[in-house]
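Open the model in your viewer and keep the selection box at hand. The tour goes from the sheet to the core.

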Amino acid sequence: MKKIAVIGAGTMGNGIAHTFAQSGFKVSLIDVNEAALEKGMNTIAKNLDRMIAKEKISEADKSNTLANISTYTNLEDAVKTIDLVVEAATENLELKLKIFKQLDQACPEAAILASNTSSISITQIAAVTSRPEQVIGMHFMNPVPIMKLVEIIRGYNTSDTVTKTIMELSETLGKDPVEVNDYPGFVANRILMPMLNESIETLYNGVAGVNEIDTVMKLGMAHPMGPLQLADFIGLDVCLSILNVMYNGFKNPKYAPCPLLVNMVQAGKLGVKSGEGFYDYSESRKAEKVSKQFLK
Ligand SMILES: NC(=O)c1ccc[n+]([C@@H]2O[C@H](COP(=O)([O-])OP(=O)(O)OC[C@H]3O[C@@H](n4cnc5c(N)ncnc54)[C@H](O)[C@@H]3O)[C@@H](O)[C@H]2O)c1
């Protein structure tokens, strides 16, 4: 495996492109939005600078990594000769099905098609292609260049050979892959999201405020970050959409999103990316509590 295409240059896509390119792979980074490509490349350069400052890599490593990445706005041109695609476009079922149909047509027959989706069924994505045994989930964690875990999701039809290839490839990236089966939320989000939802429910019920809930979990459970702050970082819209996938997929009320989460998303309070969620990120990066208005 030498040539990789990464679809989407957003938060995850630029991190995935960075990680492959730093390990010596040739990467085609594709986005429909030219500005997103530019922003993605700037982010990669900045993150490489940070690694240089920490003496983890050299200036030469930075220029080699950047030289390994080419950017494209046209998918067909970018994937003609690739070995693997990692799709990291916006989390939307219709969009992903459309992209995988296009990829199936445009990629070489032997190419493996992976998705970085947080919650959409790999089996469903694979079903729109003519090669479901070559479709797999590669669920990287944010920030990709730093986080060790890759959750490798086997769709119903994913072959043993493809799974083994992707597990080994993840190891060559310096990651620790874990193989899981394709059910809603996979493993990471199936366990994480109910905890985040319960912490929002605890706030909604007026048991404690934002800082108090986060402090209990940070100091009491040795979590590096409180659950409400983590939800802000992930994006409250993303949390809501993953909970809905599990709620609908399992038909189980235990995954029902807290009404406060639904309200905040409808009000445009999406966390860090919108400048406000459970904390206020608007003026300084210093998180300030905005919890009182939500307490009953
Ligand atoms: N953000 C996270 O913490 C996180 C963690 C794990 C997995 N994921 C998953 O990774 C994927 C990407 O999430 P993100 O947070 O990077 O999103 P993002 O919004 O930051 O980036 C998505 C990018 O996809 C581009 N895009 C949209 N349609 C496209 C198309 N047809 N072709 C090419 N590019 C297209 C957009 O222009 C945008 O730049 C999602 O499936 C998400 O569930 C996200």
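Which residue in strand 8 does L149 stand opposite? Select L149: its opposite number in strand 8 is D176. This is a predicted model, where local features need pLDDT of at least 70, side-chain atom pairs count only at pLDDT 80 or more, and totals for chains, interfaces and linings use all residues. Residues are numbered from 1 along each chain as its sequence is written, and side-chain values use heavy atoms, without hydrogens and water.

Next, select 149-154, which is strand 7. Strands 7 and 8 run parallel, joined by 6 bridges. Strands (E, at least two residues) and helices (H or I, at least four) are DSSP runs, numbered from the N terminus. Two strands pair if DSSP finds at least two bridges between them.

Now show the whole sheet. It is open and mixed, with 8 strands in the order 3-2-1-4-5-6-7-8. Strand 3 (69-72) and strand 8 (176-181) are the edges; each has a single partner strand, so one side of each lacks a neighbour in the sheet.

Move to F20 and F25. Both are buried (under 20% relative accessible area, 1.4 Å probe, protein chains only). Their ring centres lie 5.4 Å apart with planes at 85°, so the pair is edge-to-face (centres within 6.5 Å, planes over 60 degrees apart). Add F140: F20, F25 and F140 form one aromatic cluster.

Finish on I16. Leaving aside neighbours within four places in sequence, I16 is in contact (heavy atoms within 4.5 Å) with V6, V86, A88, N116, F140 and V144.

How values were computed. Phe/Tyr/Trp six-rings, centres within 6.5 Å; stacked < 30°, edge-to-face > 60°. Buried < 20%, exposed > 50% of the residue type's maximum accessible area, 1.4 Å probe, protein only.
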